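User: I am new to reading protein models, and I would like to understand how the words used for them follow from the numbers. Could we go through this one step by step?

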Amino acid sequence: MPHQSEKSTINTARWQRVRRALALRANFRCECCNCFTGMAGQGDHIVSRANCAAQGIDPFDMRNLQWLCASCHAKRTNAERFKKHEPKPKQRRRTPVKGRDAFLTAIQAAQ
Ligand SMILES: [Zn+2]
């Protein structure tokens, strides 16, 4: 059960120590947007906890952890969920338009 193992990582004295060390390493700033977090930031697993086990990574390994503010952490978590469930958007193909290059050159020269 992935949910239980997540809880067992977070609810330990060891995680509290790692969390403090992470905050300190990041100077209490989010490692993504650099905003000041104090101790209110969150320890984020670069390789997700679910994949840690599969890849043999210690979930407390500082090299696999980054300190994020709540909003960056939420964005990352959502992005990961999104990646899992949504197929990649199809690459849009441009219709070749005759004279496009000449047009682009002309407007660049005009600027
Ligand atoms: Zn941030």
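**From values to words**

Analyst: With 18 C-beta neighbours inside 10 Å, Phe60 counts as partly exposed. This is a predicted model, and Phe60 sits in its loop between helix 3 (49-55) and strand 2.

User: Why is Phe60 called partly exposed?

Analyst: A residue is buried if 20 or more other C-beta atoms lie within 10 Å of its own, and exposed if 12 or fewer do. Phe60 has 18 such neighbours, a value between the two cut-offs, and therefore it counts as partly exposed. The residues that Phe60 touches, leaving aside those up to four places away in sequence, are Arg14, Trp15 and Val18. As for Ala26, which is 34 residues from Phe60 in sequence, the two C-alpha atoms are 16 Å apart.

User: What makes Cys35 exposed?

Analyst: The limit for an exposed residue is 12 or fewer neighbours, and Cys35 has 12 C-beta neighbours inside 10 Å, so it counts as exposed. Cys35 belongs to the loop between helix 2 (13-25) and strand 1, and beyond the residues up to four places away in sequence it touches Arg29, Cys30 and Cys69.

User: How do you know whether Asn34 is buried or exposed?

Analyst: Asn34 has 12 other C-beta atoms within 10 Å, and because the exposed class takes in 12 or fewer, Asn34 is exposed. Asn34 is also in the loop between helix 2 and strand 1, and its phi is positive, about 70°, although Asn34 is not a glycine.

User: Why is a positive phi worth pointing out?

Analyst: Most residues other than glycine have a negative phi, so a positive one departs from what most of them show. Phe28, which is found in the loop between helix 2 and strand 1, has a positive phi near 60° and is likewise not a glycine. With 15 C-beta neighbours inside 10 Å, Phe28 counts as partly exposed, because 15 falls between the limits of 12 and 20. Asn27, which follows helix 2, has a positive phi too, near 55°.

User: What makes the seven residues of the largest nonpolar core a core?

Analyst: A nonpolar core is made of buried residues of certain kinds, Leu, Trp and Cys among them, that are joined through C-beta atoms within 7 Å. Leu22, Cys30, Leu65, Trp67, Leu68, Cys69 and Cys72 form the largest such set here. Strand 2 (residues 65-68) gives the most to this core, with three residues. In strand 2, Leu65 and Trp67 point one way while Gln66 and Leu68 point the other way, and all of these are buried. Leu22, for its part, touches Gly43, Met62, Leu65 and Trp67, when residues up to four places away in sequence are not counted.

User: How do you know that strand 1 and strand 2 pair?

Analyst: Two strands pair if DSSP finds at least two bridges between them. Strand 1 (residues 42-45) and strand 2 have four bridges, so they meet this condition, and they run in the antiparallel sense. Within this pair, Gly43 stands opposite Trp67.

User: Why is helix 4 said to lie largely in the open?

Analyst: Of the 16 residues of helix 4, the number buried is one, and so the helix lies largely in the open. Helix 4 (residues 70-85) reaches 23 Å from its first C-alpha to its last, close to the 22 Å expected at 1.5 Å a residue.

User: What makes the protein as a whole different from a compact globule?

Analyst: A compact globule of 111 residues would have a radius of gyration near 13 Å, but this protein has 21 Å. The C-alpha atoms fill a box of roughly 65 × 35 × 20 Å along the principal axes, and 11% of the 111 residues count as buried.

User: Which element has the lowest mean pLDDT, and which the highest?

Analyst: Helix 1 (residues 2-10) has the lowest mean pLDDT among the elements, 63, while strand 2 has the highest, 97. Across the protein the average is 87, and 90% of the residues score at least 70. Where pLDDT is low, the predicted coordinates should not be read in detail.

Note on methods: Residues are numbered from 1 along each chain as its sequence is written. This is a predicted model: local features need pLDDT of at least 70, side-chain atom pairs count only at pLDDT 80 or more; totals for chains, interfaces and linings use all residues. Helices (H or I, at least four residues) and strands (E, at least two) are DSSP runs, numbered from the N terminus. Two residues are in contact if their C-beta atoms, placed from the backbone, lie within 7 Å. The radius of gyration is taken over C-alpha atoms; the globule rule is 2.2 Å times the number of residues to the power 0.38. pLDDT is the predictor's confidence in each residue, from 0 to 100. The expected span of a helix is 1.5 Å times one less than its number of residues.
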